Amino acid sequence: MKKLILLLTLSVFIAATADAQTGDQKYLPKVQSLDSTLYNLYAVISGEKGEKRDWDLFKYLFHADAQLIPSGKNQEGVIGARYMSPDGYVTSSGKWLEENGFFEKEIYRKVDTFGNITQVFSTYESYRSEKDEKPFARGINSIQLLHDGSRYWIINIYWMAETPENPLPEKYLPN
């Protein structure tokens, strides 16, 4: 009986490892360059109403300790930030994105790199449908990435939406 349990446990471990390696092979090209990593970040959360997102790819983009940090004023007018893991983001926002339709498009980027770390200020526009002509929101994603020698990892995304009191600066808009 112990041998059977050990054999079943080993079989499950091997199958899980094979699935993880298949996922690595499937998604690895999507994180080879800064451009491909950022393209896939925006693409994976975007889709029409009712369109499923590839949440496995979304999670693959991020380092295990990554944080997604929206910031801004709450209903009482107090400025703050909320911290989520990639799983937490999927839990809190995934269903809404799929049920309502959401497209986020990068319109400008400022990149600073030192060694294996990169900081990107990525100006975005948000739409409910790809057919929409005007965005319903704009803002800046501050994205920190690590290049480990073989791929890019998103370490953090810290963002803030534009408001009437805090419009996007010209230097972060396309010319």
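Seven salt bridges turn up in this predicted model, a salt bridge being a side-chain nitrogen of Lys or Arg within 4 Å of a carboxyl oxygen of Asp or Glu. Before we go on, some ground rules: residues are numbered from 1 along each chain as its sequence is written, and side-chain values use heavy atoms, with hydrogens and water left out. Since the model is predicted, local features need pLDDT of at least 70 and side-chain atom pairs count only at pLDDT 80 or more, while totals for chains, interfaces and linings use all residues.

Here are three of the salt bridges.

| Pair | N to O distance |
|---|---|
| E98 and K52 | 3.6 Å |
| D87 and K59 | 3.1 Å |
| E162 and R138 | 2.9 Å |

Take E98 and K52, whose side chains meet in a salt bridge. This pair ties together distant parts of the chain: E98 is in helix 4 and K52 is in the loop between helix 2 and helix 3, 46 residues apart. Helices here are DSSP runs of H or I with at least four residues, strands are runs of E with at least two, and both are numbered from the N terminus. Is E98 buried or exposed? It is buried, at 13% relative accessible area, whereas K52 counts as exposed at 66%. The cut-offs are under 20% relative accessible area for buried, over 50% for exposed and partly exposed in between, using a 1.4 Å probe and protein chains only.

Next come D87 and K59, joined by a salt bridge of 3.1 Å, N to O. Again distant parts of the chain are linked, with D87 in helix 4 and K59 in helix 3, 28 residues apart. D87 is partly exposed with a relative accessible area of 43%, and K59 is partly exposed too, at 34%.

Then there's E162, which forms a salt bridge with R138. E162 sits in the segment after strand 6 and R138 in strand 5 (residues 137–147), so the pair links distant parts of the chain, 24 residues apart. Both count as partly exposed: E162 has 26% relative accessibility and R138 has 23%. Elsewhere, D35, E106 and R109 are joined into one network by salt bridges that share partners.

Two of those bridges involve helix 4, so let's look at that helix. Helix 4 covers residues 86–100, which makes 15 residues. From its first C-alpha to its last it reaches 20 Å, close to the 21 Å expected at 1.5 Å a residue (the expected span is 1.5 Å times one less than the number of residues). Where does helix 4 kink? The kink is centred on S93 and comes to about 50°, the bend being the angle between axes fitted to the seven residues ending there and the seven starting there. S93 is also one of the buried residues of helix 4, a list that includes P86, Y89, V90, G94, L97 and E98. What do these buried residues pack against? Their partners are helix 2 (34–45), helix 3 (55–60), strand 1 (62–73) and strand 6 (152–161), where a contact means heavy atoms within 4.5 Å. Right after helix 4 comes G101, with a positive phi near 80°.

Now for the rings. The whole structure holds eight aromatic pairs. Rings of Phe, Tyr and Trp (its six-membered ring) pair if their centres lie within 6.5 Å, with planes under 30 degrees apart called stacked, over 60 edge-to-face and the rest tilted. One of the pairs is W55 with F58, edge-to-face at 5.4 Å centre to centre and 85° between the planes. W55 and F58 both belong to helix 3, three residues apart, which is about one turn of the helix. In general, an α-helix has 3.6 residues a turn, so residues three or four places apart point the same way. W55 is buried at 13% relative accessible area, and F58 is buried at 1%. W96 and F102 make another edge-to-face pair, 6.5 Å centre to centre with 65° between the planes. In that pair W96 is partly exposed at 39% and F102 is buried at 9%. W55 and F58 also belong to one aromatic cluster together with F62, Y89 and W159.

Finally, the overall picture. The protein has four helices and six strands, in the order α-α-α-β-β-α-β-β-β-β from the N terminus. Of its 175 residues, 34% count as buried. Among contacts between residues at least 6 apart in sequence, 53% join residues at least 24 apart. The accessible surface is about 11,100 Å², with 57% belonging to carbon and sulfur atoms, as worked out by the Shrake-Rupley method with a 1.4 Å probe.
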